[in-house]
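Work through the exercises below with the sequence and the model in view. Each task is followed by a solution in steps.

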Amino acid sequence: MLIIPSNLDVHALLEQCHPYEINEVAVFNIDHLIYILDFLTAAPLRNKKFAERIVDGYVPVVAHSLQRVVPRYNVYLAYLKRAGIIEVYKNGTFRPGTVKQPGKSRKYRFTEAYRQQPIRFVEVTTKAFKKRMSALHSKEWCSPRHRDYQHLLKYLVPDGLLRIDAAARQWNQERLGLIQLYPELRKVKKSSNSSYQRVDAYVDPIEQYNHAEYCIGRLEHQVWDVVIDDKVNRLHTPLTNMPSGLRHFLTYDGEALVSLDIANSQPYLATLLLRPEFYKESGGVLPRLFFDKEGTQIKQEREKHQMDQPYIILQNTGFNPDAQDIRTFNTLTSDGLLYEYLQDKFRAQLGEANCGRGQVKEAIFEVLFAKNRYTSERKKLFEKLFPSVSQIFRMLKEEDHTMLPRLLQILESHIVLRKVCGVIAKKYPKAPLLTIHDSIVTTLRYEERVETIMKEELERLVGLAPTIKRECWQAANAETILEKMRKTVELPNPEVSKPELRTDSLKKPIVLTSCVSEVV
């Protein structure tokens with residue numbers, strides 16, 4: 001199944017602007033055209049990181065990603081451009097990559113009539129195209145990285161038992177109505193400019209609505225786009241990319257699901273980096289991490305950044321692994337109370353406006369992920385509370401600020417997806433096993449057994465007992481989300497918050513210009 005803007009009638013387009021007018025296309029394929037439309041429509045919905053690269057709706061078109069499916073993709077883009085369906089950024093600026101400088105892709109977006117429209121799913125029609133797509137999918141699933149996660153991927157197959165309730169679509173439309181009526185409910189999109197200052201922007205309501213519709217549609221049609229990150233081995237599935245509210249409409253073989261989350265998981269995993277044993281390759285339990293695939297990757301990262309003797313470097317700076325702030329940090333993360341502790345400290349020293357859970361999470365992200373030169377009042381307070389902890393984090397980010405987050409994600413993938421889930425799958429082969437990065441999802445009947453193994457394996461590998469938080473997925477929780485939104489804007493009557501999705505824009509006629517051959 002592919003997706004296109006709802007108001008785009010491909011067959012009407014082809015009647016008004018015949019594709020055979022393009023000399024470069026020897027054999028026109030309607031599925032190739034729809035695939036190009038799907039790429040421009042779905043690219044920002046499939047991958048959050050890719051969506052961050054999209055500015056003003058312009059989607060970077062990477063040749064190899066399209067060419068493996070549509071060999072003459074450039075001709076189809078030219079056709080859509082001449083037909084008035086898409087437009088190119090700055091007349092198609094392109095620069096090939098070099099050793100010293102990365103390349104620059106052409107960027108395309110839909111013209112105004114087709115931007116920010118609801119989406120609809122369309123079927124692939126030709127057998128040859130279906131066969132090609134199936135072959136590419138099979139090749140990807142047979143890769144070594146996918147084989148490492150077979151104990152998880154066996155639950156993410158067509159005609160599987162994971163289902164989403166039809167009520168999810170109504171919930172999404174009600175949420176859209178609220179966000180459209182009350183802009184203060186819109187989701188904030190955060191980024192940084194070159195001056196390292198925060199810049200706040202708001203996600204467009206239709207973009208948010210389409211993202212949820214895309215997730216619902218993929219589950220309804222049993223389309224499983226599974227990606228394993230080749231840098232940190234994270235597993236990306238329709239569940240990881242799904243808005244949290246929609247997860248409450250999921251069931252497995254008719255049974256309710258429960259999510260088992262590691263409390264303050266990133267700081268919890270970061271406690272590994274506070275132990276001298278992590279930087280040694282012999283003795284103890286931790287070095288076992290170095291002899292598997294991810295372990296080799298961790299070792300390569302250490303060698304790349306000359307971390308062969310970081311503990312000695314730390315000792316020369318007066319670092320003490322038994323420092324009080326390290327013991328406090330370890331205890332708080334093990335007990336799952338780090339955020340609450342920081343909330344109290346932020347409230348006392350920075351005021352009520354800085355002590356929300358969201359602000360605390362931002363502070364943690366700044367400490368773990370931001371460049372060392374980036375500063376904020378919350379980050380300064382954290383470094384004051386945990387000087388020894390901050391010293392290690394700063395050292396790991398000294399040469400490359402992405403080193404620490406990548407290292408933590410490698411550890412997360414290795415420990416949670418391979419080690420913990422591997423033990424669960426072996427001991428309870430009939431237990432449904434789904435993951436959302438550091439969270440493990442199973443059915444209610446297996447939650448106790450899965451949680452027990454999680455605690456035992458995490459304590460064995462990390463060295464600290466974790467705190468596991470449970471969340472049962474049920475429709476009532478999704479309704480609670482909407483109710484909180486209504487209360488935020490003080491709506492006395494819930495019916496006021498349920499307007500029909502506007503469809504007047506869907507009736508706009510297709511605007512066509514003359515079709516002249518052009519290679520993009």
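## Exercise 1: Leucine 250

Task: list the residues that leucine 250 contacts, leaving aside neighbours within four places in sequence, and decide whether leucine 250 is buried or exposed.

Solution. Step 1: beyond four places in sequence, the contacts of leucine 250 in this predicted model are Arg163, Ile164, Leu219, Leu239, Met242, Leu257 and Trp473.
Step 2: leucine 250 belongs to strand 11, residues 250–252.
Step 3: the relative accessible area of leucine 250 is 1%. Buried means under 20%, so leucine 250 is buried.
Step 4: the C-alpha atoms of leucine 250 and alanine 168 lie 8.9 Å apart in space, with the two positions 82 residues apart in sequence numbering.

## Exercise 2: Confidence in the prediction

Task: find where in the protein chain the confidence is lowest and where it is highest.

Solution. Step 1: the chain has a mean pLDDT of 80, with 78% of its residues at 70 or more.
Step 2: the lowest confidence is in helix 13 (residues 310–316), with a mean of 49, and the highest is in strand 14 (residues 439–443), at 97.
Step 3: look at the weak stretches. Residues 192–199 stay under 50 in pLDDT, and the model gives them 14 contacts beyond four places in sequence. Residues 305–313 are also below 50, and this stretch has 16 contacts beyond near neighbours in sequence.
Step 4: where pLDDT is low, predicted coordinates should not be read in detail.

## Exercise 3: The chain as a whole

Task: state how many helices and strands the protein chain has, and what percentage of its residues is buried.

Solution. Step 1: there are 21 helices and 15 strands in the protein chain.
Step 2: of its 520 residues, 50% are buried.
Step 3: among contacts with a separation of 6 or more, 74% join residues 24 or more positions apart.

## Exercise 4: The nonpolar cores

Task: name the residues that touch the most other members of the largest nonpolar core.

Solution. Step 1: this core has 90 residues, and those touching the most other members are Leu162, Leu342, Phe386, Ile440 and Met454.
Step 2: helix 19 (residues 403–427) supplies the largest share of this core, 12 residues.
Step 3: take phenylalanine 386 from the list. Leaving out residues up to four places away in sequence, phenylalanine 386 touches Asp325, Thr328, Phe329, Leu332, Leu338, Tyr341 and Leu342.
Step 4: apart from the largest core lies another core of 40 residues, including Leu37, Leu40, Val69 and Phe110.

## Exercise 5: Two helix pairs

Task: decide whether helix 2 and helix 10 are roughly parallel or roughly perpendicular, then do the same for helix 9 and helix 21.

Solution. Step 1: the axes of helix 2 (residues 30–46) and helix 10 (residues 205–220) come within 9 Å and cross at roughly 90°. Angles of 65 to 115 degrees count as roughly perpendicular, so helix 2 and helix 10 are roughly perpendicular.
Step 2: Ala42, Leu45 and Arg46 of helix 2 meet Glu207, Asn210, His211 and Tyr214 of helix 10. These contact residues comprise 3 nonpolar, 2 polar and 2 charged.
Step 3: the axes of helix 9 (residues 167–181) and helix 21 (residues 475–488) come within 11 Å and cross at roughly 10°. Angles under 35 degrees count as roughly parallel, so helix 9 is roughly parallel to helix 21.
Step 4: helix 9 contributes Trp171, Glu174, Arg175, Leu178 and Ile179 to the contact, and helix 21 contributes Ala478, Glu479, Ile481, Leu482, Met485 and Arg486. This contact has 7 nonpolar, no polar and 4 charged residues.
Step 5: leucine 181 is also in helix 9, and at 43% relative accessibility leucine 181 is partly exposed.

## Exercise 6: Positive phi angles

Task: give the loops that hold asparagine 233 and histidine 437, and decide whether each residue is buried or exposed.

Solution. Step 1: asparagine 233 is not a glycine, yet has a positive phi of about 65°. Asparagine 233 sits in the loop between strand 9 (227–228) and strand 10 (235–236).
Step 2: asparagine 233 has 3% relative accessibility and therefore counts as buried.
Step 3: histidine 437, also a residue other than glycine, has a positive phi near 60°. Histidine 437 is in the loop between strand 13 (434–436) and strand 14.
Step 4: with a relative accessible area of 17%, histidine 437 is buried.

Technical notes. Residues numbered from 1 in each chain as written. Predicted model: local features only at pLDDT ≥ 70, side-chain atom pairs only at ≥ 80, totals over all residues. Heavy atoms only, no water. Axes fitted to C-alpha atoms, helices over the stretch in contact; angles between N-to-C directions. Helix = DSSP H or I, 4+ residues; strand = E, 2+ residues; numbered from the N terminus. Parallel < 35°, antiparallel > 145°, perpendicular 65-115°, else oblique. Contact = heavy atoms within 4.5 Å. Nonpolar A, V, L, I, M, F, W, Y, C, P; charged D, E, K, R; others polar. pLDDT = per-residue confidence, 0-100. Core = buried A, V, L, I, M, F, W, Y, C linked by side-chain atoms within 4.5 Å. Buried < 20%, exposed > 50% of the residue type's maximum accessible area, 1.4 Å probe, protein only.
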